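The following exercises concern aromatic pairing, strand pairing and an annotated residue in a predicted model. Each task is followed by a solution in steps.

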Amino acid sequence: MSRYWSSLVHRLTPYVPGEQPKLVRLVKLNTNENPYPPSPRVLEAITEELTNGGERLRLYPDPSADRLKEAVAARFADFGIRAQQVFVGNGSDEVLAHVFMALLKHERPILFPDITYSFYPVYCGLYEVAFATVPLDENFAISVDDYVAANGGIIFPNPNAPTGCLLPLQAIASLLARHRQSVVVVDEAYVDFGGESAMVLVNEHPNLLVVRTLSKAHSLAGLRVGYAVGQGELIEALDRVKNSFNSYPLDRLAIAGAVAAIGDQAYFDGTRQAVMRSREALCSALSGLGFEVLPSAANFVFARHRQRDAAELAAALRQRGIIVRHFNLPRIDQHLRITIGTDAQGELLIEALREILA
């Protein structure tokens with residue numbers, strides 16, 4: 001605490017990101033990073049950007065990142081998405097920050113699940129946005145029938161985090177139709193690992209904004225690129241906030257790498273399919289050890305052992321150089337969120353659990 005802090009800073013409870021430990025021979029399964037490297041085209045594109053002694057780096061990047069917007073539009077051309085409907089930012093977290101300021105700050109509280117991405121209440125504190133949480137059902141799933149209150153907007157990840165549970169497109173469409181006066185933000189950080197994107201609904205619903213990231217399925221967590229897609233009025237609001245905050249959120253290397261990653265659909269499909277196969281194998285192995293595993297459409301699983309304490313299991317795994325995520329929060333304090341790694345990492349995890357449980 002300091003007398004130099006503003007009253008806002010005194011009130012904030014910051015987000016706590018997943019640990020980035022500096023341990024040797026670490027099996028890191030706690031921050032949902034993709035176990036595979038990005039497309040080789042990404043490295044080629046970044047290298048090209050650095051030619052001529054890095055001459056391009058003395059110039060500002062394109063403040064609109066038009067090449068990237070066009071790449072996103074081309075990726076979703078089958079859904080009728082155009083470049084003018086795309087907003088880009090420094091990771092989906094920055095995009096979401098602008099969303100809270102531009103589209104979710106109203107007199108009525110916004111709604112989101114009681115168990116969800118923990119940055120949402122942090123943004124509410126930062127931007128002084130009123131909110132109310134809606135409990136997940138007994139199966140840890142979102143029930144759109146519970147979203148009945150008048151609101152200033154609705155936001156949720158799909159699949160949800162940290163549960164990994166997926167909300168069907170039909171349910172999202174129902175929610176959009178029911179709340180036509182509110183913006184509905186669908187955060188699709190993990191959708192490429194088993195879900196169907198709500199991008200198909202964008203041109204039917206002016207109140208829908210879909211937010212995505214290249215951190216997970218494109219293996220670019222270190223490059224920090226995210227984007228949102230919606231109809232013109234929503235994108236204009238985001239641009240107005242962004243250009244009042246930072247005109248150049250994406251540097252030249254990020255833009256070049258992101259365009260290359262989005263363009264390599266074959267590589268993208270290959271790695272995400274590999275992650276999904278590994279996820280199914282891990283779910284089966286965990287079930288065999290007495291874990292209850294929620295159905296996951298993400299690159300992680302959410303599981304609890306029927307007889308052993310989750311915090312103790314996480315600590316025992318850590319002693320063996322394996323890091324998973326434990327949330328000491330109501331309703332989920334007996335669950336572990338486990339990132340899908342390589343098959344070899346999954347085998348090390350199961351071997352360690354088998355030893356601990358014995």
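**Exercise 1. State how many aromatic pairs the model contains, and classify the pair formed by Phe100 and Tyr123.**

Solution. Rings pair if their centres lie within 6.5 Å, and by this rule the predicted model has ten aromatic pairs. For Phe100 and Tyr123 the ring centres are 5.1 Å apart and the planes meet at 45°. Planes under 30 degrees apart count as stacked and those over 60 as edge-to-face; the angle of 45° fits neither class, so this pair is tilted.

Next, place the two residues in the chain. Phe100 belongs to helix H5 (residues 91–103) and Tyr123 to helix H6 (residues 119–127). With their positions 23 residues apart, the pair links distant parts of the chain. Both Phe100 and Tyr123 are buried.

Finally, consider the wider group of rings. Phe100 and Tyr123 belong to one aromatic cluster, together with Phe112, Tyr117, Phe119, Tyr120 and Phe131.

**Exercise 2. Classify the pair formed by Tyr190 and Phe300, and determine which parts of the chain it ties together.**

Solution. The centres of these two rings are 5.0 Å apart and their planes stand at 85°. The cut-off for edge-to-face is over 60 degrees, and the Tyr190–Phe300 pair is accordingly edge-to-face.

Tyr190 is located in the loop between strand S6 (184–187) and strand S7 (208–213), whereas Phe300 is in strand S10 (residues 300–305). The pair therefore ties together parts that are 110 residues apart in sequence.

Are the two partners buried or exposed? The criterion for burial is under 20% relative accessible area. Tyr190, at 9%, counts as buried, and Phe300, at 0%, also counts as buried.

Phe300 has a further partner: the charged end of Arg337 sits over its ring, 5.7 Å from the ring centre.

**Exercise 3. Describe the surroundings of strand S10 and name the strands with which it pairs.**

Solution. Begin with burial. Of the six residues of S10, five are buried, so the strand is largely enclosed by the rest of the structure.

Then examine the pairing with strand S9 (residues 291–293). S9 and S10 are antiparallel and share three bridges; Phe291 stands opposite His305 of S10. Six residues separate the two strands, which form a hairpin.

Now take strand S13 (residues 336–339). This strand is joined to S10 by four bridges, again in the antiparallel sense, and Leu336 of S13 stands opposite Ala303.

**Exercise 4. Locate Lys216 and relate its contacts to the pair of Exercise 2.**

Solution. An unreviewed UniProt entry annotates Lys216 as "modified residue: N6-(pyridoxal phosphate)lysine". In the model, Lys216 lies in the loop between S7 and strand S8 (226–230). Its relative accessibility is 15%, so Lys216 counts as buried.

Leaving aside residues up to four places away in sequence, Lys216 touches Thr31, Asn32, Asn34, Ala189, Tyr190, Phe193 and Asn299. Tyr190, one of these contacts, is the residue that pairs with Phe300.

**Exercise 5. Characterise the overall fold in terms of its elements, its compactness and its contacts.**

Solution. The protein has twelve helices and 13 strands. Its radius of gyration is 21 Å, close to the 21 Å given by the globule rule for 358 residues, so the protein is as compact as a globular protein of that length. The C-alpha trace spans about 55 × 55 × 55 Å along the principal axes.

Of the 358 residues, 53% count as buried. Among contacts with a separation of 6 or more, 72% are between residues 24 or more positions apart.

Terms used. Residues numbered from 1 in each chain as written. Predicted model: local features only at pLDDT ≥ 70, side-chain atom pairs only at ≥ 80, totals over all residues. Heavy atoms only, no water. Phe/Tyr/Trp six-rings, centres within 6.5 Å; stacked < 30°, edge-to-face > 60°. Buried < 20%, exposed > 50% of the residue type's maximum accessible area, 1.4 Å probe, protein only. Lys NZ or Arg CZ within 6 Å of the ring centre and 35° of its normal. Pairing = 2+ DSSP bridges. UniProt positions renumbered as here; feature names shortened; annotations may be inferred. Contact = heavy atoms within 4.5 Å. Rg over C-alpha atoms; globule rule 2.2 N^0.38 Å.
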